[in-house]
Amino acid sequence: MNEDGIHKPTFHAFTMLERLGDRLLLATSDGVVTRDSRTSAVSAVFFNYPEDMALRGVGSAGSYAATRALAEMGPSRRIHHSIAGLQPGTTFLVEIVDWEHGNPAEAWYRLGSPSTSPGPRPST
């Protein structure tokens, strides 16, 4: 979280990982599918993280604009998995964290990178 309490992409990613179950149903190079042994909830996390990204970390960029070029790294891909044995009408919650979803820095950049002012902080 930043100083104003805004959740950054890493926060969302760790929240997704925390929701994974304790029983591994499927592991691939792109992610995992799990089941919670207490609730039977099925959870999955998949990612599209280019292999060469380890050589070009976001922290190595000198500005937010420079980090945006990293979005072009790696292939665009869709990940498709089927899970058998679910009841008809089963609902799913799908969360996406990428440049357009869960990324307050990108929203700030698209607003023209306004300067921040030291205003009142949210109460805790």
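Contact here means heavy atoms within 4.5 Å. The structure treated in these exercises is a predicted model.

**Exercise 1. Establish the fold and the overall exposure of the protein chain.**

Begin with the secondary structure, which comes to three helices and three strands, and then read the elements from the N terminus on, where they run α-β-β-β-α-α. Turn next to burial: of the 124 residues of the protein chain, 14% count as buried. The accessible surface comes to about 9,800 Å², and carbon and sulfur atoms account for 55% of that area. Finally, consider the contacts between residues at least 6 apart in sequence, of which 45% join residues at least 24 apart.

**Exercise 2. Place Thr-34, decide whether it is buried or exposed, and list what it touches.**

Thr-34 belongs to strand E2. Its relative accessible area is 4%, and the cut-off for buried is under 20%, so Thr-34 counts as buried. With residues up to four places away in sequence left out, Thr-34 touches Leu-20, Gly-21, Arg-23, Leu-24 and Leu-25 on the one hand, and Ala-41, Val-42 and Ser-43 on the other. For Gly-21 a polar approach can be added, since a polar atom of the Thr-34 side chain lies 2.6 Å from the backbone nitrogen of Gly-21.

**Exercise 3. Describe the surroundings of Asp-36, and find which backbone nitrogens its side chain reaches.**

First locate the residue: Asp-36 lies in the loop between strand E2 (31–35) and strand E3 (42–46). Its relative accessible area is 13%, and because buried means under 20%, Asp-36 is classed as buried. Then examine the side chain, which has a polar atom 2.7 Å from the backbone nitrogen of Arg-38 and which reaches the backbone nitrogen of Thr-39 at 3.1 Å. A further link to Arg-38 runs through the side chains, as Arg-38 and Asp-36 meet in a salt bridge at 3.3 Å, N to O. The two partners of this salt bridge differ in exposure, because Arg-38 counts as exposed at 72% relative accessibility, whereas Asp-36 counts as buried at 13%. To complete the picture, set aside the neighbours within four places in sequence; Asp-36 is then in contact with Gly-21, Asp-22 and Ala-41.

**Exercise 4. How many salt bridges does the structure hold, and which parts of the chain does the pair Arg-19 and Glu-95 link?**

The total is four salt bridges. In one of them the side chains of Arg-19 and Glu-95 meet at 2.1 Å, N to O. This pair links distant parts of the chain, with Arg-19 in the loop between helix H1 (9–18) and strand E1 (23–28), and Glu-95 in the loop between helix H2 (64–68) and helix H3 (104–110), 76 residues apart. As to exposure, Arg-19 counts as partly exposed at 41% relative accessibility, and Glu-95 likewise counts as partly exposed at 39%. As a general matter, side chains of opposite charge can pair when their charged atoms come close.

**Exercise 5. Analyse the salt bridge between Arg-110 and Glu-106, and say which network it belongs to.**

The closest N and O atoms of Arg-110 and Glu-106 are 2.9 Å apart. Because the two residues are four residues apart in helix H3, they are separated by about one helical turn. Their accessibilities should be read separately: Arg-110 counts as exposed at 52%, while Glu-106 counts as buried at 2%. The network of salt bridges consists of Glu-100, Glu-106 and Arg-110.

**Exercise 6. Characterise the nonpolar surface patch, with Ile-96 as the example residue.**

The patch is made by Ile-83, Leu-86, Phe-92, Val-94 and Ile-96, and its area is about 490 Å². Of these residues, take Ile-96, which is found in the loop between H2 and H3. Its relative accessible area of 48% makes Ile-96 partly exposed, since exposed requires over 50%.

**Exercise 7. Where is Ala-27 placed, and how far apart are Ala-27 and Val-45 in sequence and in space?**

Ala-27 has its place in strand E1. At a relative accessible area of 53%, Ala-27 is exposed, the cut-off for this class being over 50%. For the separation, Ala-27 and Val-45 are 18 residues apart in sequence, and their C-alpha atoms are 10.0 Å apart in space.

Note on methods:
Residues are numbered from 1 along each chain as its sequence is written. This is a predicted model: local features need pLDDT of at least 70, side-chain atom pairs count only at pLDDT 80 or more; totals for chains, interfaces and linings use all residues. Side-chain values use heavy atoms; hydrogens and water are left out. Buried means under 20% relative accessible area, exposed over 50%, partly exposed in between (1.4 Å probe, protein chains only). A polar contact is a pair of N or O atoms within 3.5 Å; within protein, one must be able to donate a hydrogen and the other to accept it, and residues adjacent in sequence count only if both atoms are side-chain atoms. Patches are made of residues with over 30% relative accessible area and no salt bridge: like charges are joined within 9 Å, nonpolar side chains (Val, Leu, Ile, Met, Phe, Trp, Tyr) within 5 Å. Accessible areas come from the Shrake-Rupley method with a 1.4 Å probe; for residues, only the protein chains shown count as cover.
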